[in-house]
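Please work through the following exercises with the sequence and the structure at hand. Each task is followed by a stepwise solution.

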Amino acid sequence: MNKYNSLREFEKTLLLVSVLLSLGCANLGEVLSSNSGAYHFRKTRWGYTQEMVLASEQGKRLHLRKGNTLIYNHRINDIPLKIVYTFKEKRLRAAGYITDQPVKNANKIIDQSVRELGEPTQILNDGMLWLQDATLVYSNAYASRVNDAGAQYTFSGGILSHVLEPRETPGVVKRWDGVWAYIDQNFYKELHEVNLPLDELSFYEKLLFGVLKRRSIYTYYSGSGQFSIPR
């Protein structure tokens with residue numbers, strides 16, 4: 001669907017909502033379901049208002065509503081996450097899943113995104129990209145907390161490298177942060193036309209874009225105490 005047709009479809013949805021509200025008989029959830037077309041993220045489309053997104057997530061408890069941001073609690077494969085929706089001039093332009101603290105196995109976000117989306121369009125140094133007609137999808141996970149108990153030995157394949165499965169170092173526990181973001185392609189293109197693109201992003205949009213990451217900390221335990229080293 002081209003940009004003109006998408007805009008016309010969205011305008012028709014807004015007109016229908018306005019008419020039903022004026023008659024006092026609108027059920028916003030029914031309006032959205034009957035005019036959904038192909039969703040861009042979950043059950044939403046780019047350009048939705050906050051009220052339309054709230055209706056699409058009806059039944060899910062809202063964690064935070066502040067300014068141009070809506071946040072819900074969520075889980076993917078038992079990984080605690082936040083669903084984030086961000087808006088500009090009351091229109092949805094970016095959304096996705098992010099961790100709000102380091103957790104075990106958050107790297108599985110990558111596996112889930114590949115299962116759902118297939119092979120990425122591009123592999124970056126920090127994450128992967130999928131380019132869709134109206135949406136740019138970004139997925140990344142990184143070890144933000146590493147606790148090392150200081151084991152005397154570590155595993156190496158040695159002469160058995162060709163037959164041994166990779167193994168983690170004994171006594172090392174990793175906790176991860178991750179992001180799985182969906183971004184309006186028009187919004188992404190607009191950022192290339194401004195001199196200071198970061199100034200156009202809110203805090204949560206910087207997290208969704210992967211340009212803001214939690215500072216990694218390596219903690220080493222030894223007989224003489226504990227040492228934490230920011231990275």
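Patches are made of residues with over 30% relative accessible area and no salt bridge, like charges being joined within 9 Å and nonpolar side chains (Val, Leu, Ile, Met, Phe, Trp, Tyr) within 5 Å. The model is predicted: local features need pLDDT of at least 70, side-chain atom pairs count only at pLDDT 80 or more, and totals for chains, interfaces and linings use all residues. Residues are numbered from 1 along each chain as its sequence is written, and side-chain values use heavy atoms, with hydrogens and water left out.

**Exercise 1.** Determine which residues form a nonpolar patch on the surface.

Step 1. The patch consists of Ile159, Leu160, Val163 and Leu164, which together have about 420 Å² of accessible area (Shrake-Rupley method, 1.4 Å probe; for residues, only the protein chains shown count as cover).

Step 2. Leu164 belongs to the loop between β7 (135-148) and β8 (172-184). Leu164 counts as partly exposed because its relative accessibility is 44% (buried is under 20%, exposed over 50%, partly exposed in between; 1.4 Å probe, protein chains only).

**Exercise 2.** Establish whether Asp177 is buried or exposed, and find the polar contacts of its side chain with Thr99 and Arg214.

Step 1. Asp177 lies in strand β8 (strands are DSSP runs of E, at least two residues, numbered from the N terminus).

Step 2. Its relative accessibility is 2%, so Asp177 counts as buried.

Step 3. The Asp177 side chain makes polar contacts with the side chains of Thr99 at 2.6 Å and Arg214 at 2.7 Å (N or O atoms within 3.5 Å; within protein, one must be able to donate a hydrogen and the other to accept it, and residues adjacent in sequence count only if both atoms are side-chain atoms).

Methods:
Salt bridge = Lys/Arg side-chain N within 4 Å of Asp/Glu carboxyl O. Helix = DSSP H or I, 4+ residues; strand = E, 2+ residues; numbered from the N terminus.
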